[in-house]
Amino acid sequence: MQLTFQHDPRGESLTLIRRADGAVFTLSSYSRKWRVPHDLSHAVTERELGMADGIFGCIAAGAVFDTMRQIEGKKRHDAKVRSARILKAAQNLGWTEAISAVIHKAVETRRPTPYAQAREAWGIAAQDPYPYLDEDIRRATTTLRELGELWSAGSEPLEFPWPDRLRATEPRR
């Protein structure tokens with residue numbers, strides 16, 4: 001899957017999503033109050049932490065959110081049912097929202113890498129042992145800082161490849 005983050009003339013961001021199945025979507029992001037788009041924060045955090053069942057891993061598997069609009073490719077006859085099945089099976093959607101917000105806030109407020117805040121967010125969202133190393137959180141934060149600077153510096157689209165290995169599992173019917 002290929003993500004392209006584009007500047008929207010209204011001051012928002014728009015993500016162009018090209019899925020492997022040939023479907024192309026736009027995803028509107030309402031993040032005008034932020035310097036770095038919220039959806040970019042999700043994409044970076046989920047990719048750098050290897051989260052297959054986050055927002056973008058679910059989209060890669062076939063999920064469609066209400067803020068997405070298909071602009072190319074053949075629409076599947078079972079798209080809504082398939083999407084619901086994928087989203088229901090995704091275990092980490094709440095966690096991806098929490099950790100993306102922690103990393104996004106650190107970048108927006110130009111604070112240090114949020115190691116303790118990431119652990120705290122995990123403790124609120126999950127009961128399993130914390131699965132990330134400090135290096136993982138540092139890499140995600142550093143990558144978002146760098147891409148955020150590129151985003152803020154110009155009006156050019158930001159290309160963001162999504163790895164095939166980070167695709168949510170589509171449960172059987």
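This passage looks at a helix pair, a set of aromatic contacts and one loop residue in a predicted model.

We can begin with the helices. Two packed helices are described by the angle between their axes and the distance between the axes. For helix α1 (residues 38-48) and helix α6 (residues 134-153), the angle is about 145° and the axes lie 9 Å apart. The crossing of α1 past α6 is right-handed. On the α1 side, the contact is made by L40, S41, V44, T45, R47 and E48, which meet R139, A140, T143, L144 and L147 of α6. Sorted by character, the residues of this contact comprise five nonpolar, three polar and three charged.

One of these α1 residues, R47, also leads to the aromatic side chains: its charged end sits over the ring of F160, 4.0 Å from the ring centre. The structure holds seven aromatic pairs, and F160 belongs to one of them, with F5 as its partner. The ring centres of F5 and F160 are 6.1 Å apart and the planes meet at 85°; because that angle is over 60 degrees, the pair is edge-to-face. This pair joins distant parts of the chain, since F5 belongs to strand β1 (residues 2-7) and F160 to strand β5 (residues 158-161), with the two positions 155 residues apart in sequence. F5 has a relative accessible area of 0% and is therefore buried. F160, at 1% relative accessibility, counts as buried too.

A second aromatic pair has another geometry: W95 and Y132 are stacked, with 6.2 Å from centre to centre and 15° between the planes. Here again distant parts of the chain are linked, as W95 lies in helix α4 (residues 93-108) and Y132 in the loop between α5 (115-125) and α6, 37 residues apart. Both W95 and Y132 are buried. These two residues also belong to one aromatic cluster, which is formed by W95, W122, Y130 and Y132.

Last comes A52, found in the loop between α1 and α2 (55-61). With a relative accessibility of 23%, A52 counts as partly exposed, because the value is not under the 20% that would make it buried. Although A52 and D164 are 112 residues apart in sequence, their C-alpha atoms are 9.4 Å apart in space. Leaving aside neighbours within four places in sequence, A52 is in contact with G57 and C58, and also with R165, L166, R167 and A168.

Terms used: Residues numbered from 1 in each chain as written. Predicted model: local features only at pLDDT ≥ 70, side-chain atom pairs only at ≥ 80, totals over all residues. Heavy atoms only, no water. Axes fitted to C-alpha atoms, helices over the stretch in contact; angles between N-to-C directions. Helix = DSSP H or I, 4+ residues; strand = E, 2+ residues; numbered from the N terminus. Left-handed = near helix turned anticlockwise from the far one by under 90°. Contact = heavy atoms within 4.5 Å. Nonpolar A, V, L, I, M, F, W, Y, C, P; charged D, E, K, R; others polar. Phe/Tyr/Trp six-rings, centres within 6.5 Å; stacked < 30°, edge-to-face > 60°. Buried < 20%, exposed > 50% of the residue type's maximum accessible area, 1.4 Å probe, protein only. Lys NZ or Arg CZ within 6 Å of the ring centre and 35° of its normal.
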